[in-house]
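Thanks for coming. I will go through one model today, starting with confidence and ending with a single residue.

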Amino acid sequence: MCSYNVPAVEVTALEKSYGANRVLAGVDLRVAPGTLFALLGPNGAGKTTMVRILATLTEPDGGRATVAGFDVVRERHRVRRAISLTGQYAAVDELQTGAENLRMMGRLSGLGRADARKRAAELLERFDLVDAADRRVGTYSGGMRRRLDLAASLVGQPSVIFLDEPTTGLDVRSRQAMWDVVSDLVRGGVTVFLTTQYLEEADQLAGRIAVLDHGRLVADGTAARLKEQVGGQRLDLTLADPAAYDAVAAHLGDRLLLRDPARRTLGVATDGSAAHVRALLDEIDPGRRAVDRFALHAATMDDVFLALTGTPAHEKETANV
Amino acid sequence: MSSALVMIDRSVRLSRRNLDALLTALMLPIMLMLLFVYLFGGAIETGTKYVTYVVPGVIMLCAAFGASTTAVSVSQDVAGGIVDRFRSMDVGGVAFLTGHVVASVVRNLASTLLVLGIALIIGFRPAAGPLEWLAVAAVLLLFVFAVSWLSAAVGLLVRSAEAAGGFTFFVMFLPYPSSAFVPIDTMPGWIHGFAEHQPATPVIETLRGLMLGTDLGTAPWLALAWSGGILLVSVAAAGALFRRRTAA
C-alpha cells in the first residue's frame, strides 16, 4: 500500500459546487508519499471541502481523486483504511477520559481490547499525555485536546494523514509543539496533507505549498519558488504627502502588497533588478515628486499570499474568529 | 457489527456521565408523579384510587421523555467533528445511531424501574401476573425503540442542541391531551378527537389494562401499530438524514 511510485494523493480536474457556489473549480495536484504538503488559502477558499473529498466524507461533482492509490469514491472503504482525518474541531468525547477515547478509536479501527489498550498507552506516552490519561477530556487545555485528537487519528497507523487547520486557535507554545509532532510524523515516513491559513506554518513545515483561492490553485511549489514567482522582492515606497499616497495607492490597486497609511508607505512586488525598479518608479511617479524614499526587502510569505490571492492574510485570520 | 458494539459502549458511558441529563430524565417523571398523586389527584375523579390510574401514564411519559433526549445527544455529536472522524474510519450511520438508540433504551429501563419502585412505595397496587408484566415490558420496549429512533432522526434534522431540546418538550407534553393524567371524557369536546387517536393514548391504555387487569379492547393493536409505524418511518428517515447531513 505504501508503494513509493504511487502518489499519496492525486487529484485531477476536481470540482465541487454547493448550489451556485463553485467551491472547487477544477483542481489538479499530486503529493508524493512521505512528504508534507500544505494547502494554503483564505477562509472559504475551498480547503476544507478539498480535505473532505480526499477523506471520502464528501463526493466530488466532477474530476477524480485517489488517495494511497485508491479512488475516493469507488474505493472509499479502502481509502478509509489508509488514512486518518483530524478536523478543525477536536473529534474526541469530553465526557470520556483521554485513554478511553484512544481505546475506543483503537477498537473502531479493528484492534482487539488488549491491543487497543496497548496502542492507547503508546500514544499517550508519545504525545505527553500520560499524566492526563485518566482525566476527562473536558478538563484538558486546548493544546492537550489537539494532541489527543491527533493521537486518536494515529491509532490505526494511517499512511496518509489529513490535518485540517491543526493549529487554528492554539497559543504560540502549543502551536510549536504541534509543529514538532507533525514534523516527526513525516520523518516516520507517513504523508501529511495539511491545510492552513497561517503562512508561517506552511513556510516552516511544508516541503511543498499550494495556494488555493476561489476554488483554484493559484500557485504550487516550494516556499522559495513561490517567493520567486511573485518577484522575490518587495519595493516599499514612502510617499511625499497624503495626496500622493492616495493617488499611487489607487494607481497600483490590486498589485499592492503593503499599505501603511500612518507611514505613507506602499509595497509592490519586484524582482529587485535595477531595470525593474527604475521602470516601476517611472510608471508610478512620472513627475518625480510623489516618492520620497524607497527600500527593497526580501518578500515574505505574507507578500506571496497577498500577491496571489489579492487579500491580506491577516484580515482573513481575524475574519475567521 | 463490532463497531456498533463499540458505539453502544460509548453512548452508554456518555449517558452515565452526563449527570445533568440523567438526573432530569430520572427526577422529572418522579416529580410529576408525586405532583399529580398528592397535589392534583384529590380533585380528579377516575373511578379508582388516583395513584392506580396515573402510574401507567407516568411510566409512558417517563419513557417518551427519556427517549426524546436522544435527539439532543445525536445533534451534539453531529455538530461536533466526531461523526466525521467516525465516517473517515468507516464507522457508518447504522453503528453510530444504534449506539445512541441502545443507550436510550438502557437509560429508560433504569428510569422506568425507578419510577415503578417509587409508585409501589406510594401505594400503586398493580394486578398484573408474570405474563402481563412481560407484555408490559414488550409494549414499553417497542415504544421506547420507536421514540428513540424518531428522536435520533430529529437530532439529525435540527441544526442545534437547543432545537433538539425543544423536541423533548413537545414529546413531554404530548401525553397531557391523552388519558395519561385525566380521563378523556372530562376534557372539552373539541379535543376528544386528538386525545383519543394520538399515539400516546393506546400505549397508556394498553399499559393500564395490562397492569390493572381491566379490559384492553383494541388498544394493544393500536399501540403496536403506532409504535411499529413510528419505528419503521424513523429508521428510514434517520438513515436518509444521516447521509444528507453528513455527506455535504
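Chain A has a mean pLDDT of 87, and 95% of its residues reach 70 or more. This is a predicted model, so that is where I begin. Among the elements of chain A, strand S5, residues 70-71, has the highest mean pLDDT at 96, and helix H12, residues 313-319, has the lowest at 42. Over residues 314-321 of chain A the pLDDT stays under 50, and the model has 8 contacts beyond four places in sequence for that stretch. Where pLDDT is low, the predicted coordinates should not be read in detail. I will say nothing further about that stretch.

Now the overall layout of chain A. The C-alpha atoms fill a box of roughly 80 × 40 × 35 Å along the principal axes. The domain assignment gives domain 1 as 9-227 and domain 2 as 231-298. Taken over C-alpha atoms, the centres of these two domains of chain A are 40 Å apart. The secondary structure of chain A comes to 12 helices and 14 strands. Of its 321 residues, 46% count as buried. For contacts in chain A with a separation of 6 or more, 69% are between residues 24 or more positions apart.

Next, the strands, beginning with S1 of chain A, residues 9-18. Which strands does S1(A) pair with? One is S2(A), residues 21-31, in the antiparallel sense over 8 bridges. Another is S4(A), residues 62-67, also antiparallel, over 5 bridges. To place these pairings in the sequence: Ser17(A) has Arg22(A) as its bridge partner in S2(A), while Glu15(A) has Gly62(A) as its bridge partner in S4(A). The hairpin of S1(A) and S2(A) has 2 residues between the strands, and Gly19(A) takes a positive phi near 60° there.

Then there is an open sheet of 6 strands in chain A, with the order S6-S7-S8-S3-S9-S10 and mixed pairing. The edge strands are S6(A) and S10(A), residues 216-221, each of which pairs on one side only. From one strand to the next, the twist averages 15°. As a reminder, strands of a sheet pair through backbone hydrogen bonds, either parallel or antiparallel. Within this sheet, S7(A), residues 160-164, runs parallel to S8(A), residues 191-196, and 5 bridges join them. Asp164(A) has Thr195(A) as its bridge partner in S8(A). Helix H5 of chain A, residues 142-154, lies across S6 and S7, running at about 165° to S6(A).

On to the second chain. How many residues of chain A are in contact with chain B? There are 22, and they contact 19 residues of chain B. Helix H2 (76-82), strand S6 (83-86) and helix H3 (98-108) of chain A each supply at least two residues of that side. By residue class, the side of chain A that touches chain B divides into 10 nonpolar, 8 polar and 4 charged. So S6(A), an edge strand of the open sheet, also supplies residues to the side that touches chain B.

Last, one residue on chain B. Leu114(B) lies in helix H6, residues 93-121. Is Leu114(B) buried or exposed? Neither: Leu114(B) is partly exposed, because 15 other C-beta atoms lie within 10 Å, and buried would take 20 or more, exposed 12 or fewer. Leu114(B) and Pro29(B) are 85 residues apart in sequence, with 9.8 Å from C-alpha to C-alpha. That is where I stop.

Definitions and conventions:
Residues are numbered from 1 along each chain as its sequence is written. Chains are lettered from A and ligands numbered from 1 in the order in which they are written. This is a predicted model: local features need pLDDT of at least 70, side-chain atom pairs count only at pLDDT 80 or more; totals for chains, interfaces and linings use all residues. Domain bounds come from an automatic or database domain assignment. Two strands pair if DSSP finds at least two bridges between them. Helices (H or I, at least four residues) and strands (E, at least two) are DSSP runs, numbered from the N terminus. Two residues are in contact if their C-beta atoms, placed from the backbone, lie within 7 Å. Ala, Val, Leu, Ile, Met, Phe, Trp, Tyr, Cys and Pro count as nonpolar, Asp, Glu, Lys and Arg as charged, and the others, Gly among them, as polar. Axes are lines fitted to C-alpha atoms, for helices over the stretch in contact, and angles run from 0 to 180 degrees between N-to-C directions. pLDDT is the predictor's confidence in each residue, from 0 to 100.
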